[in-house]
Amino acid sequence: MNLTRIAVSAVLALSLAGVAPSAKLAEKKSMTLEVAKQVAAAAEATAAQNKWTMAIVVLDDGGNLVYLAKMDDTQIASIEVAIQKAKSAVGFKRPTKAFEDQLTGGRTAVLKIPGAMPVEGGIPLMVDGRLVGAIGVSGGTSAQDGQAATSGADSLAKILGGK
């Protein structure tokens, strides 16, 4: 009872002094299905133009699947690889090519980093400097996967109207 009175008195004193305790929730942009489809479509267009068959995924900022497209004749294993590339890009807020470059540079310790995918094709999706998700692409060579993923990631600004 005494602790309750003390707490109420403290809150009342702070509010009377013009220093009310404040708590705010952060506002953030979230990946929508419509945007995810458009990002994936840009990656798919690059793949189709080059006659590559690929699995393309878009995740939200929590690493949850928002959209998946598997082009005809794409190897089934590419689905899981694309998901893992996107998860790595979300988890580390960097392209998976960064890990691939480290590995090819001789830093084999990168293989022991949980969740790090050292294969190009996963790219974080950023809006106003904040992570909103990631794209992951698999089915071609590392460079081909990276090229298609970059097309998808680069399309985000256009989709959002230059933001």
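Two strands count as paired here if DSSP finds at least two bridges between them. Keep that in mind for the hairpin of β1 and β2, which comes up below. The model on your screen is predicted.

**Whole chain**

Start with the cartoon view. The chain has five helices and four strands. Follow the sequence and the elements come in the pattern α-α-β-β-α-α-β-β-α. Of the 163 residues, 36% count as buried. Switch on the surface. Its accessible area is about 9,500 Å², and carbon and sulfur atoms hold 56% of that. Now consider contacts with a separation of 6 or more: 60% of them join residues 24 or more positions apart.

**The sheet**

Select the four strands. They form an open sheet in the order β2-β1-β4-β3, and the pairing is antiparallel. Which strands stand at the edges? They are β2 (65-70) and β3 (122-127). Each has a single partner strand, so one side of each lacks a neighbour in the sheet. Look along the sheet for the twist, which averages 15° from one strand to the next.

**Strand β1**

Select residues 55-60, strand β1. How many of its residues are buried? Six of the six are, so β1 is largely enclosed by the rest of the structure. Colour the two faces separately. Ala55, Val57 and Leu59 lie on one side, while Ile56, Val58 and Asp60 lie on the other. Both faces are covered, and every residue just named is buried.

Next, take the partners of β1. Five bridges tie β1 to β2, and the two strands run antiparallel. Show side chains for Val57 and Leu68: Val57 in β1 stands opposite Leu68 in β2. Then add Leu59, which stands opposite Leu65 in β2. Follow the chain from β1 into β2. Four residues lie between these strands in the hairpin. Click on Gly63 there, which takes a positive phi near 80°.

Turn to β4. It pairs with β1 over six bridges, again in the antiparallel sense. Pick Ile56 and find Val137 of β4 opposite.

**Two loop aspartates**

Go to Asp73, in the loop between β2 and α3. Asp73 is not a glycine, yet its phi is positive, near 70°. Is Asp73 buried or exposed? Its relative accessible area is 73%, so it counts as exposed.

Jump to Asp128, in the loop between β3 and β4. Asp128 also has a positive phi without being a glycine, at about 50°. Its relative accessibility is 59%, and the cut-off for exposed is over 50%, so Asp128 is exposed.

**Helix α3 and a ring pair**

Select residues 77-92, helix α3. This helix lies across β1, β2, β3 and β4 (130-138). Against β4, α3 runs at about 155°.

Now show the rings of Phe92 and Phe99. A pair of aromatic rings is described by the distance of the centres and the angle of the planes. Rings count as a pair when their centres lie within 6.5 Å, and planes over 60 degrees apart make the pair edge-to-face. By this rule the model holds one aromatic pair. The centres of Phe92 and Phe99 are 5.0 Å apart and the planes meet at 75°, so this pair is edge-to-face. How exposed are the two residues? Phe92 is partly exposed, at 26% relative accessible area. Phe99 is buried, at 3%.

**Helix α5**

Finish with residues 142-159, helix α5. Put a distance between its end C-alpha atoms: they are 26 Å apart. At 1.5 Å a residue, 18 residues should span 26 Å, so the two values agree.

Which residues of α5 are buried? Asp145, Gly146, Ala148, Ala149, Gly152, Ala153, Ser155 and Leu156 are. Turn on α2 (33-49), α3, β3 and β4, which are among the elements that cover those buried residues. Last stop: Gly161, just after α5, where phi is positive at about 80°.

How values were computed. Residues are numbered from 1 along each chain as its sequence is written. Side-chain values use heavy atoms; hydrogens and water are left out. Rings of Phe, Tyr and Trp (its six-membered ring) pair if their centres lie within 6.5 Å; planes under 30 degrees apart count as stacked, over 60 as edge-to-face and the rest as tilted. Buried means under 20% relative accessible area, exposed over 50%, partly exposed in between (1.4 Å probe, protein chains only). Contact means heavy atoms within 4.5 Å. Accessible areas come from the Shrake-Rupley method with a 1.4 Å probe; for residues, only the protein chains shown count as cover. Axes are lines fitted to C-alpha atoms, for helices over the stretch in contact, and angles run from 0 to 180 degrees between N-to-C directions. The expected span of a helix is 1.5 Å times one less than its number of residues.
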